[in-house]
Amino acid sequence: MRPEDHRILRELGRDGRLSNVELARRVHMSESACLRRVRALEGGGAIAGYRAVIDPAAVGKGLAAYIMVNLDQRGATDGKAFLEVIRDDDRIVACAAVTGDCDLILQVSVMDVADLTDLTLDTLLKLPTVRDVVTCLSLRTYKAAGEFVKDHSLS
């Protein structure tokens, strides 16, 4: 990947709605060269898509949490049901299989503790493949989607 590609990706990662004119200015390229590089990055899969970044608090989902999930290894049918819930429940923002003390980590965005309780007790723990969960509430976000969110001290 070329150095200018990294600059383009950094700028589009910060603001995917930049016009080509503004993007070219920021990365110090001609507009035509910049557009060619963006199209090459899209065609090559480096840019997988564009989407809006939603502020969870602005849409009534002001409580963020991480749920560590341990699974029973019971077979593909139960696993498929779990993956369907992950895909279809919009409270689950992200899901990653991990190494360590749990099998999966879910990043969730919920309205309140009652909504988190519903997700945990009435959705996840009712799935036959889920053995147990551990939930951690997010107190403050320092960095999201690759960008620092606000100036916060670590205290």
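# A guided tour, starting at Glu4

Glu4 is buried, with a relative accessible area of 19%; buried stands for under 20% relative accessible area, exposed for over 50%, and partly exposed for what lies in between, computed with a 1.4 Å probe on protein chains only. The model is a predicted one, in which local features need pLDDT of at least 70 and side-chain atom pairs count only at pLDDT 80 or more, while totals for chains, interfaces and linings use all residues. Residues are numbered from 1 along each chain as its sequence is written, and side-chain values use heavy atoms, with hydrogens and water left out.

**Stop 1: helix H1 and its packing on H3**

Keep Glu4 selected and display helix H1, in which this residue lies. Helices (H or I, at least four residues) and strands (E, at least two) are DSSP runs, numbered from the N terminus. Beyond its neighbours within four places in sequence, Glu4 is in contact with Met29 and Arg37, where contact denotes heavy atoms within 4.5 Å.

Next, show H1 (residues 3–14) together with H3. Two packed helices are described by the angle between their axes and the distance between the axes. For H1 and H3 the angle is about 80° and the axes are 10 Å apart. H1 is therefore roughly perpendicular to H3. Axes are lines fitted to C-alpha atoms, for helices over the stretch in contact, and angles run from 0 to 180 degrees between N-to-C directions. Angles under 35 degrees count as roughly parallel, over 145 as roughly antiparallel, 65 to 115 as roughly perpendicular, and the rest as oblique.

Select the residues that form this contact: Glu4, Asp5, Ile8, Leu9 and Leu12 on H1, and Cys34, Arg37, Val38 and Leu41 on H3. By class, six are nonpolar, none is polar and three are charged. In this classification Ala, Val, Leu, Ile, Met, Phe, Trp, Tyr, Cys and Pro are nonpolar, Asp, Glu, Lys and Arg are charged, and the others, Gly among them, are polar.

**Stop 2: Leu41**

Stay on helix H3 and centre the view on Leu41. Its relative accessible area is 4%, so Leu41 is buried. Apart from residues within four places in sequence, Leu41 is in contact with Met1, Asp5, Ile8, Leu9, Ala46 and Ile47. For a sense of scale, draw a line from the C-alpha atom of Leu41 to that of Lys126: these atoms are 43 Å apart, with the two positions 85 residues apart along the chain.

**Stop 3: H2, H3 and the loop between them**

Add helix H2 (residues 20–27) to helix H3 (residues 31–43); they pack at an angle of about 100°, with 9 Å between their axes. This angle makes H2 roughly perpendicular to H3. On H2 the contact involves Asn20, Val21, Leu23, Ala24 and Val27, and on H3 it involves Glu31, Cys34, Leu35 and Val38. Seven of these residues are nonpolar, one is polar and one is charged.

Now select His28, in the loop between H2 and H3. Its relative accessible area is 70%, so His28 is exposed. Its phi is near 60°, a positive value in a residue other than glycine.

**Stop 4: the cysteines**

How many disulfides does a search of the whole structure find? The search finds zero, a disulfide being a pair of cysteine sulfur atoms within 2.5 Å. Select Cys34, which is buried at a relative accessible area of 0%. Then select Cys102, also buried, at 9%. The closest cysteine sulfur to that of Cys102 is in Cys136, 9.3 Å away and too far for a bond.

**Stop 5: the two sides of H5**

Display helix H5 and colour Asp115, Leu116, Leu119, Thr120, Thr123 and Leu124, which are buried. These residues cover an arc of only 135° around the axis, which means that they lie on the same side of H5; the arc is that of the directions from the helix axis to the C-beta atoms. On the other side of H5, Val113 and Ala114 are exposed.

Select Asp89 in the loop between helix H4 (76–88) and strand S2 (92–97). Its relative accessibility is 12%, so Asp89 counts as buried. Outside its neighbours within four places in sequence, Asp89 is in contact with Leu119 and Thr123.

**Stop 6: Met111**

Finish at Met111, in the loop between strand S3 (104–110) and helix H5 (113–124). Is Met111 buried or exposed? Met111 is exposed, with a relative accessible area of 52%. Excluding neighbours within four places in sequence, Met111 is in contact with Gly60, Lys61, Gly62 and Leu63. The C-alpha atom of Pro56, 55 residues from Met111 along the chain, is 8.8 Å from that of Met111.
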